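Work through the exercises below with the sequence and the model at hand. Each task is followed by a solution in steps.

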Amino acid sequence: MSTTTVPRVTPSRAPHTTDGNGWPQLIEAVRETGLYPTRTKAEQVTRTVLAALGTHVTGDERVDLARALPGEAARLIAAQIPATHRLTAARFVDEVASRTPGATSATARWDVSSVLGTLPPLIGDDLVNRILAQLPAGYALLFGRADLTPAS
């Protein structure tokens, strides 16, 4: 059985949006988390993953997610047409792979985890919990969580 390492965001790498334009900080957090060699690669990955996520988060959670993200990221989420059916986490990763030239399921999983793993420190645990509650089981790992139930 193989083991996949999931990128983690440490508090020192959490994006900060206090300047009103946290896009560069978000990209840098993704670059560091995913160990991407360039900001350009990190930005491409971030755009692809957020656009895919934007099709699966709906309702108040979608609005609140867009409000919590830097402007450029919010536009990526808001510009997507909501999907008519939710994908499992594995199918979501495959969808990201299909949007990324040369990607495999393994590289897409890394990309998805690198981006979604940067979101909890930025958007807050409450919103992450609400987003996870509306998605099929399996997405928690993509957000860097072991399961959906917060520790007491």
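**Exercise 1: R130 and its partners**

R130 lies in helix α8; helices here are DSSP runs of H or I with at least four residues, strands are runs of E with at least two, and both are numbered from the N terminus. The model is predicted, so local features need pLDDT of at least 70 and side-chain atom pairs count only at pLDDT 80 or more, while totals for chains, interfaces and linings use all residues. Residues are numbered from 1 along each chain as its sequence is written, and side-chain values use heavy atoms, with hydrogens and water left out.

Task: determine whether R130 is buried, partly exposed or exposed, and which side chains R130 makes polar contacts with.

Solution.
1. The relative accessibility of R130 is 26%, so R130 counts as partly exposed. The class follows from the cut-offs: buried is under 20% relative accessible area, exposed is over 50%, and partly exposed is in between (1.4 Å probe, protein chains only).
2. Leaving aside neighbours within four places in sequence, R130 is in contact with D60, E61 and D64, where contact means heavy atoms within 4.5 Å.
3. The side chain of R130 makes polar contacts with the side chain of D64 at 2.6 Å and with the side chain of E61 at 3.4 Å. A polar contact is a pair of N or O atoms within 3.5 Å; within protein, one must be able to donate a hydrogen and the other to accept it, and residues adjacent in sequence count only if both atoms are side-chain atoms.

**Exercise 2: E61, seen from the other side**

Task: place E61 in its helix and list what E61 touches beyond four places in sequence.

Solution.
1. E61 belongs to helix α3, residues 59-68.
2. With a relative accessible area of 16%, E61 is buried.
3. Beyond four places in sequence, E61 touches L127, R130, I131 and Q134.
4. The C-alpha atoms of E61 and R130 are 6.7 Å apart, although 69 residues separate the two along the chain.
5. The side chain of E61 also has a polar contact of 3.1 Å with the side chain of Q134.

**Exercise 3: two crossings of α2**

Task: classify the crossing of α2 with α1 and with α6, and name the residues that make each contact.

Solution.
1. Two packed helices are described by the angle between their axes and the distance between the axes. The axes are lines fitted to C-alpha atoms, for helices over the stretch in contact, and angles run from 0 to 180 degrees between N-to-C directions.
2. For α1 (residues 23-34) and α2 (residues 39-54), the axes come within 8 Å and cross at roughly 100 degrees. The two helices are therefore roughly perpendicular: angles under 35 degrees count as roughly parallel, over 145 as roughly antiparallel, 65 to 115 as roughly perpendicular and the rest as oblique.
3. On the α1 side, the contact is made by W23, P24, L26, I27, E28, V30 and R31, and on the α2 side by R39, A42, E43, T46, R47 and L50.
4. This α1 contact with α2 has 7 nonpolar, 1 polar and 5 charged residues. Ala, Val, Leu, Ile, Met, Phe, Trp, Tyr, Cys and Pro count as nonpolar, Asp, Glu, Lys and Arg as charged, and the others, Gly among them, as polar.
5. The axes of α2 and α6 come within 9 Å and cross at roughly 85 degrees, which makes α2 roughly perpendicular to α6.
6. In this second contact, V45, T46, V49, L50 and L53 of α2 meet D111, V112, V115 and L116 of α6. By class, the residues are 7 nonpolar, 1 polar and 1 charged.

**Exercise 4: the core**

Task: find which residues have the most contacts inside the largest nonpolar core.

Solution.
1. A nonpolar core is a set of buried Ala, Val, Leu, Ile, Met, Phe, Trp, Tyr and Cys residues joined through side-chain atoms within 4.5 Å.
2. The largest such core has 39 residues, and L50, L53, L65, F92, L116 and I123 have the most contacts inside it.
3. Helix α2 gives the most to this core, with 6 residues.
4. Outside its neighbours within four places in sequence, L65 is in contact with L53, V57, I77, I123, L127 and I131.

**Exercise 5: a loop residue**

Task: state where L35 lies and what is notable about its phi.

Solution.
1. L35 is in the loop between α1 and α2.
2. L35 is exposed, because its relative accessibility is 68%.
3. Most residues other than glycine have a negative phi. L35 is not a glycine, yet has a positive phi of about 55 degrees.
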